[in-house]
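Visitor: I'd like to learn how to read a few features of a structure. Could you walk me through them?

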Amino acid sequence: MVCPVGRKQGEIGAGAVLIALAALAVAASPAHWANLVLGGLLALCGAALIVHGLTLRAPVLEVEDGEFRYIRGRYIVRIPFGDIGSYYLLSGRTRSLGLCDLAGRPRVFPSTEGRRASRPYLPLTGMTSRHKVDAFMAGAGIPPRDRSLTAGR
């Protein structure tokens with residue numbers, strides 16, 4: 001399952017709009033220096049947004065060979081199914097996936113940003129549908145975690 005990236009699409013679209021505005025500013029009065037400077041700045045900002053949008057990577061969830069995989073660029077998490085007891089989803093601006101061990105304790109993962117901190121969840125994207133993640137995890141045979149104090153088995 002590949003998570004859709006709305007930010008990527010937004011940045012590429014905004015960059016294209018800025019480049020179009022740059023062309024419009026220069027075409028309005030190509031002899032005036034202020035329009036040339038404004039057009040150049042808009043074009044640089046638009047190009048930077050497009051380049052940054054193209055470098056964003058969408059997280060991928062895979063199930064293969066008896067293991068669960070989370071891939072986001074060069075960051076890869078591989079967990080055997082025997083070590084996963086349940087899962088939970090954290091909602092918010094960036095939806096996240098948490099995995100629990102067989103005793104119901106949240107698993108801790110190293111940070112995806114290369115920092116030394118660790119976190120008990122794997123970041124997805126804000127556009128990821130809760131129902132799609134539930135369907136994917138059900139297909140993988142991983143049950144959802146109960147909201148009680150007991151383990152989610």
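Guide: Let's start with Asp101, which is buried, with a relative accessible area of 17%. Buried means under 20% relative accessible area, exposed over 50%, and partly exposed in between, using a 1.4 Å probe and protein chains only. Bear in mind that this is a predicted model, where local features need pLDDT of at least 70, side-chain atom pairs count only at pLDDT 80 or more, and totals for chains, interfaces and linings use all residues. Residues are numbered from 1 along each chain as its sequence is written, and side-chain values use heavy atoms, with hydrogens and water left out.

Visitor: Which side chain does Asp101 meet in a salt bridge?

Guide: A salt bridge is a side-chain nitrogen of Lys or Arg within 4 Å of a carboxyl oxygen of Asp or Glu. Asp101 has Arg105 as its partner, at 3.0 Å from N to O. Arg105 is exposed, at 53% relative accessible area.

Visitor: How many salt bridges does the structure hold?

Guide: Six. Some of them form a network that links Glu62, Glu64, Glu67, Arg69 and Arg78. Take Arg69, buried at 12% relative accessibility: its side chain meets Glu67 at 2.8 Å, N to O, and Glu62 at 3.5 Å, N to O. Glu67 is buried at 19%, while Glu62 is partly exposed at 27%.

Visitor: What about cysteines: how many disulfides does the count come to?

Guide: A disulfide is a pair of cysteine sulfur atoms within 2.5 Å. By that rule, there are zero here. As for the cysteines Cys45 and Cys100, Cys45 is partly exposed at 44% relative accessible area, whereas Cys100 is buried at 0%.

Visitor: Now the sheet. What is the order of its strands?

Guide: Strands (E, at least two residues) and helices (H or I, at least four) are DSSP runs, numbered from the N terminus, and two strands pair if DSSP finds at least two bridges between them. Here you have an open sheet of three strands, ordered β1-β2-β3, with antiparallel pairing. The edges are β1 (60-64) and β3 (75-80), each pairing on one side only. Strand β2 (residues 67-72) pairs with β3 over six bridges, and Glu67 stands opposite Pro80 in β3.

Visitor: Where does helix α3 lie?

Guide: Helix α3 (residues 130-140) lies across β1 and β2, at about 15 degrees to β1. For such angles, axes are lines fitted to C-alpha atoms, for helices over the stretch in contact (heavy atoms within 4.5 Å), and angles run from 0 to 180 degrees between N-to-C directions.
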